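Reader: I should be grateful for a close look at one membrane-related part of this model, beginning with a single side chain and its surroundings. Please then relate that part to the charged side chains and backbone details elsewhere.

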Amino acid sequence: MTSVSVSLRAEPAELTMPERHTFRLSLDALNPGDRTVDPRLHRARLLVNGHESTAWSLAVGNGRRPPEWTALPPGERVTMTWSALAAALFPRPGTYDLVLTLDETETPAVRVVVRD
Amino acid sequence: MAPSSLDIAAQRGDPRSTRPSVGQKARARKPWTTDRAGRARTLTMLQSAAGNAAVTRLLTKGAATGYGALGGKRELVEAPPATPTVAEATGERQGPETGRALIDEQREAVTVDARESEERIGASTAEGEDRIGEHFGGVREGLGTLLDRSEAEVRGFIDGRRNEATAASAQATASAQSLVDGTVAAAQGQGEAARQTIGAAVDGASTSLEGTVQGLTGQITGVVNRISLPDLPGVGRLRSLAAGLVNGAASTVSGGLAQVRSMLNSALQTGTRMVGALISQLGKAATSALAKSGAAIQRGVQAVANGLGRVATLVLGAVRRVVGTTILPAVNRLENRLVRNLGTARRQAVTAVRANRDESLRTLAATSTSAAATAPGAAALRGVTEGSREGNRGLLATFRERTGGILGSVFQALTAGAAQITAHVGGLLGQAQNAVAGTVGRIVAGFGQITAAVSEFAGSLLRSLTSAVGDVVGFVQGLIQDPARALTDYAGSALTAITGLPARLARNVLSGDFTVPSLGDLVGHFRPASGGPITKPRPPGGPITLPGLRLILLVLATFGAIIVYAFPQLMAVVTALVALGLTPLGALIVVGLAAILVLVALLLLLYLLWKLATSKPKPPDPEPVITHETAFTAPDGSPKSRGEVGVGEKVLFTGSASGAWTATAGTPASGTGDKFTWTAPDRAATATITLTVGAKSKSVDLKVVEPASITAHRNRTIPIGPGTAGAGMKLTFHYSPKHVSFGNVEAKEVSGPATNITGYFRKHFSDADLWHDSGDTFYPIKENNEDSAEDTASLTSPITPWEAGTFDWIIPNHFKTKTESGDGKKFTDVTQAFQMLDATGRVRIDKAGASVERSPSDP
């Protein structure tokens, strides 16, 4: 059971195919409780138009993280940003709804429009 | 027109949707199967017709010759069991000439088909070369477009930031100018108000005093007419003397009025001068502040311009170097290799066609004309020809399929690579832009702080001016009030004395005393109050009663005046002292006294210098000794006095005596004292730290070491969940060498593409899916060379069926010192290797010496 509040931030929300390198996807986790918890964020899954993204799973499940990534104190938040996922997430022009899931938690869809 | 790399990226689509399925690949390989079946049938017929058992071996060999280079894998096709021959079945026979003609005809047919097949292979090769040229030309054009676009993007961004800084500087300068203008105007307003206040005070005091004194003088004069004395001898003279006395008293009071008027005018002038001096000082201070703030803003703008220019040069240079020295040569090498491989494949295909032809011709030659003359023999001969044709068709189809497939895969990989390059370059540009925007933002924010500082300074100036002007006004009002009150008192006491004069004279006359008191005895002398511009001597009984001291003060004031005359800048000191409440004379005395003290100090200094110059030489300086100690303890226990340190390490040097320190690298470059705290440079070097005491020096060499390698310690495994293929582990990196500390260093992993993609991962994932996005964030290394950030290495895949496959991340690792900016320096590659070991879905991950392996049935 997830005891942290997670959110997803995508910038920019509108871009063209050549501008995909400017895309940044950030995961933000807040511990609203009164004790330190391990949010186990490496298990977060990203659904792109309903399909799980392998690129995201590899990105979130690998690499070095600050101590807060596995031990988030009460009232604190931890943020991680990835900047090279657009080619995998948006292979062609279109409208993409991104939803982050962690255990039973599911963030509201973040819509990204990619134009030709 | 050939597509650019960016266009290729845009057209790439989802590689998973365009990659052929296993079933499609199986169907695409069908010509081989058909070829083998056809050959088997022909073989059977010939075996029956000519009894040539060697044909089986020869034909199967010819069909598969040389296709290893294209990835083909030959399978030996065995002929079906022998069956009765056609000739045996029918027993039909024809003449030998007919048989010879048929054999020649079939030889010609085999030869022609082989030649045509070679031509088709040549044409297909040329078509492949055209496709290679077109695609690689497109990639090169795309790289050029990427460079152009990157340059345009960087230039546009730089111009935008430069304009932003220029606009911000203009706004800040205008604000500072406006603030200073407003301050000066407010100061002038205050000064004008002060002048009016002082003038009004002087006018009021003067008018009031004049009326009072004139009234008292008139009363004093009127006393003469009221003097009534007995008509005795000598009284006439006495009356005359008394009248003179009264008139003298009136004149003295009137003279005092003139004196006080002069003092008031002097007070007015002094006050006005002081206010003017204050405003002038304020104006100078405000102008100086404006000049300094303007210079600071201009330095900021210049720093932005220079910095942006350097950033543009560095970023574009880096992109050009990467494209020009790495990517483009790699693309050219790949193209050349592809063309060479295509040529090799063509030669092998042609060899196979010729072998097929030669084998068929040998079979035809081995057939006797008599056998060919029979109907079954003729059919078998035609079968040889048809078999040869089928073999050539199969070879051609295989050649086209294999070369086309390989080219398609290469083009697809090229497209994916181009997209990754574009994304990588874009990422680099984005990082550079973020860094530049942050720096420019801080500088622009600094402009606002400068303006705020000017505003605060201007406000403090105005507050100081208000206070000082108030003091001046109070000072002038004091100057005005004291002499006016003194004159009024003097006139009043004179009137009282004069009013009592008639009765006093009458009493004297009646007692036979015909003397008249002197004017001084009667009304005394008028002496205005001290202070301000009134320079008349103080009345006796004041606080200064020693003539010697007065003389000393006069000498001091004179000396001070001389000093101020010689150094006009000291007038500001005099003005300030006056503003503090001293009289100008007092201020000059202070200046004179200070000048004398300075002179005495100078003489003392000269004396000391003379003593120093004439003193005996000191004994020679002893040889200095240096000891040093690092702030951090090395992880392997090396002592803190070690001769090697990590980049950025702090070292405290202690000398046997105080002296001058220098360092050939690191910071600071110099220092003084008996201790010297030094920080090693950001990159490997040998630094020499020298202590010089007198004429003697001592040096210590320290070798500065960069991180060189990483090993990982597995902290724990990560549970994945039953039924899912995957594995994961948490790691801590250890940085070597360990005889130094990297406690002031940060490290990061750099994003990059996956390599060695095979099997399961090649089938189910695109290159973009497997791209390594590390987050590109620096994390500090601890004093013991362990990473402060825990690393995760994991993989889960819900896609089935499972099968063996691999992919690797070759991860560049960069380091930088904590005080250093930028992207640091690459020091090592760490390989993170992912494997699906088999069809059971068992997954293994290796990274920097640590590993984890897990089956789907595990937790």
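**A nonpolar patch and its wider setting**

Author: Leu609(B) is situated in helix α15 of chain B, which covers residues 584-614. The structure is a predicted model, and the description below should be read accordingly. Leu609(B) has a relative accessible area of 48% and is therefore classed as partly exposed; the class of exposed residues begins only over 50%. The residue belongs to a nonpolar surface patch of about 800 Å², whose other members are Val598(B), Leu599(B), Leu602(B), Leu603(B), Leu605(B), Leu606(B) and Leu612(B).

The UniProt record bears on this part of the chain. An unreviewed entry lists residues 551-579 and 585-610 of chain B under "transmembrane region". In the model, the span 585-610 of chain B is 100% helix and 0% strand, and its end C-alpha atoms are 37 Å apart. For residues 551-579 of chain B, the helix content is 86% and the strand content 0%, with 25 Å between the end C-alpha atoms.

A patch of another character is found on helix α7 of chain B, residues 96-226, where Asp130(B) is located. Asp130(B) joins Glu127(B), Glu129(B) and Glu134(B) in a negative surface patch. With a relative accessibility of 55%, Asp130(B) is exposed, because the limit for that class is over 50%. Helix α7 of chain B also contains Ala172(B), which is buried at 5% relative accessibility. The C-alpha atom of Ala172(B) is 5.9 Å from that of Thr451(B), although the two residues are 279 apart in sequence.

Attention may now turn to charged side chains that do pair. Side chains of opposite charge can pair when their charged atoms come close. Over all chains, the count is 34 salt bridges. One of them joins Asp28(A) and Arg77(A), with 2.5 Å from N to O. Asp28(A) is part of strand β3 of chain A (residues 24-30) and Arg77(A) is part of strand β7 of chain A (residues 77-82), so the salt bridge ties together parts that lie 49 residues apart in sequence. The two partners fall into separate accessibility classes: Asp28(A) is buried at 9% relative accessibility, whereas Arg77(A) is partly exposed at 47%.

In chain B, a salt bridge brings together the side chains of Glu649(B) and Arg642(B), at 2.8 Å from N to O. Glu649(B) has a relative accessible area of 0% and is buried; Arg642(B), at 6%, is likewise counted as buried. The pair of Glu786(B) and Lys782(B) has its closest N and O atoms 3.9 Å apart. This distance still qualifies as a salt bridge because the cut-off is within 4 Å. Here Glu786(B) is partly exposed at 23% relative accessible area, and Lys782(B) is partly exposed at 40%. Salt bridges also link a network made up of Arg842(B), Arg844(B), Asp846(B), Glu853(B) and Asp858(B).

Several backbone details of chain B complete the account. The peptide bond from Ser736(B) to Pro737(B) is cis, with omega near 5°. Pro737(B) belongs to the loop that connects β8 (725-736) with β9 (745-749) of chain B. Thr800(B) and Pro801(B) are also joined by a cis peptide bond, for which omega is about 5°. The loop containing Pro801(B) runs between β12 (790-797) and β13 (805-817) of chain B.

Two asparagines deserve mention for their phi angles. Asn756(B), which is not a glycine, has a positive phi of about 55°. Its place is in strand β10 of chain B, residues 754-758, and its relative accessible area of 43% makes Asn756(B) partly exposed. Asn785(B) has a positive phi near 70°. This asparagine occupies the loop between β11 (779-780) and β12 of chain B, and Asn785(B) is buried, with 0% relative accessibility.

To return to the part requested: Leu609(B) lies in helix α15 of chain B, within a nonpolar surface patch of about 800 Å². The unreviewed UniProt entry lists residues 585-610 of chain B as a transmembrane region, and the model shows that span as 100% helix.

Definitions and conventions. Residues numbered from 1 in each chain as written. Chains lettered and ligands numbered in written order. Predicted model: local features only at pLDDT ≥ 70, side-chain atom pairs only at ≥ 80, totals over all residues. Heavy atoms only, no water. Patch = residues over 30% accessible without salt bridge, like charges linked within 9 Å, V, L, I, M, F, W, Y side chains within 5 Å. Areas by Shrake-Rupley, 256 points an atom, 1.4 Å probe, with all protein chains shown as cover. Helix = DSSP H or I, 4+ residues; strand = E, 2+ residues; numbered from the N terminus. Buried < 20%, exposed > 50% of the residue type's maximum accessible area, 1.4 Å probe, protein only. Lys, Arg positive; Asp, Glu negative; His and termini not counted. Charge placed at Lys NZ, Arg CZ, Asp CG, Glu CD. UniProt positions renumbered as here; feature names shortened; annotations may be inferred.
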